Amino acid sequence: MGDKDIRWEQRFSNYQKAVNKISEVVEKLKLEELTELEVEGLIQRFEYTYELAWKTLQDLFKHQEYIGITGPGPVLDQAFKDGLIEDAEGWRRLKKSRELTSHTYDSRTAEAIAEEVVENYYLLFKRLEDNLIKLKSK
């Protein structure tokens with residue numbers, strides 16, 4: 001077993017750390033309003049958590065010897081087919097939000113995406129984490 005065989009697990013470890021970072025903000029939000037700086041921080045955490053999510057899945061599919069499944073769209077489609085993500089529409093919205101954060105910065109857009117992270121996207125990230133933990137323990 002070489003490094004290639006455990007690459008997805010290494011990336012998954014980083015994904016879990018990223019999910020924990022988002023949870024810190026989500027928990028704080030229940031206690032008080034976020035400042036503009038905190039919203040920007042949440043957006044940044046959202047961005048790298050999304051990147052780690054689909055890249056972890058891509059590495060997993062390589063490990064499972066899938067061929068030609070690269071890039072966020074095809075990877076998320078396969079993850080849905082394989083039952084690793086349940087809410088395909090939610091992940092499509094999440095992906096669209098990520099695209100918006102990388103091409104434009106507007107405070108209203110940032111606040112709307114931050115709200116989505118707290119209300120919906122965090123749970124999608126968490127469910128993926130849970131499903132990958134189950135898969136890894138098999």
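Among contacts between residues at least 6 apart in sequence, what percentage join residues at least 24 apart? In this predicted model, the share is 70%. The legends below start with the whole chain and then move in on single residues.

**Figure 1. The whole protein is built from 5 helices and 0 strands.**
Reading from the N terminus, the elements follow the order α-α-α-α-α. The radius of gyration is 15 Å, close to the 14 Å that the globule rule gives for 138 residues, so the protein is as compact as a globular protein of that length. Its C-alpha trace spans about 45 × 25 × 25 Å along the principal axes. Of the 138 residues, 39% are buried. The protein exposes about 8100 Å², and carbon and sulfur atoms supply 49% of that area. As for charge, there are 22 positive and 27 negative charges, and their mean positions lie 5 Å apart.

**Figure 2. The largest nonpolar core holds 38 residues.**
Take a look at Leu57, Trp91, Phe125 and Leu128, which touch the most other members of this core. Two or more residues come from each of helix H1 (3–29), H2, helix H3 (72–81), helix H4 (88–103) and helix H5 (107–136). The most generous contributor is H2, with 11 residues. In soluble globular proteins, nonpolar side chains tend to be buried together.

**Figure 3. Leu57 is in contact with residues that include Val75 and Leu132.**
Neighbours within four places in sequence are set aside in this view. The full set of partners is then Val75, Leu76, Ala79, Leu84, Leu128 and Leu132. One of these partners, Leu128, is listed with Leu57 among the core residues that touch the most other members.

**Figure 4. Trp91 is a buried residue of helix H4.**
The relative accessibility of Trp91 is 2%, so this residue counts as buried. Leaving out residues up to four places away in sequence, Trp91 touches Tyr50, Ala53, Leu76, Ile85, Leu124, Phe125 and Leu128. For a sense of scale, you can also find Gly73 here: it is 18 residues from Trp91 in sequence and 9.8 Å away in space, C-alpha to C-alpha.

**Figure 5. Val19 sits in helix H1 and touches residues including Thr49 and Phe125.**
Is Val19 buried or exposed? With a relative accessible area of 1%, Val19 is buried. Residues up to four places away in sequence are not counted among its contacts, which are Thr49, Tyr122, Phe125, Lys126 and Glu129. Tyr48 is worth finding too: 29 residues separate Val19 and Tyr48 along the chain, while their C-alpha atoms are separated by 9.6 Å.

**Figure 6. Gln58 is a buried residue of helix H2.**
Helix H2 covers residues 36–63. Why does Gln58 count as buried? Its relative accessibility is 12%, and buried means under 20%. Beyond residues up to four places away in sequence, Gln58 touches Ile69, Thr70, Gly71 and Val75. Val75 is also a contact of Leu57.

**Figure 7. Glu65 lies in the loop between H2 and H3.**
Here is a backbone detail to look for: phi of Glu65 is near 70 degrees, a positive value in a residue other than glycine. Glu65 has a relative accessibility of 66%, so this residue counts as exposed.

Conventions: Residues numbered from 1 in each chain as written. Predicted model: local features only at pLDDT ≥ 70, side-chain atom pairs only at ≥ 80, totals over all residues. Heavy atoms only, no water. Helix = DSSP H or I, 4+ residues; strand = E, 2+ residues; numbered from the N terminus. Rg over C-alpha atoms; globule rule 2.2 N^0.38 Å. Buried < 20%, exposed > 50% of the residue type's maximum accessible area, 1.4 Å probe, protein only. Contact = heavy atoms within 4.5 Å. Areas by Shrake-Rupley, 256 points an atom, 1.4 Å probe, with all protein chains shown as cover. Lys, Arg positive; Asp, Glu negative; His and termini not counted. Charge placed at Lys NZ, Arg CZ, Asp CG, Glu CD. Core = buried A, V, L, I, M, F, W, Y, C linked by side-chain atoms within 4.5 Å.
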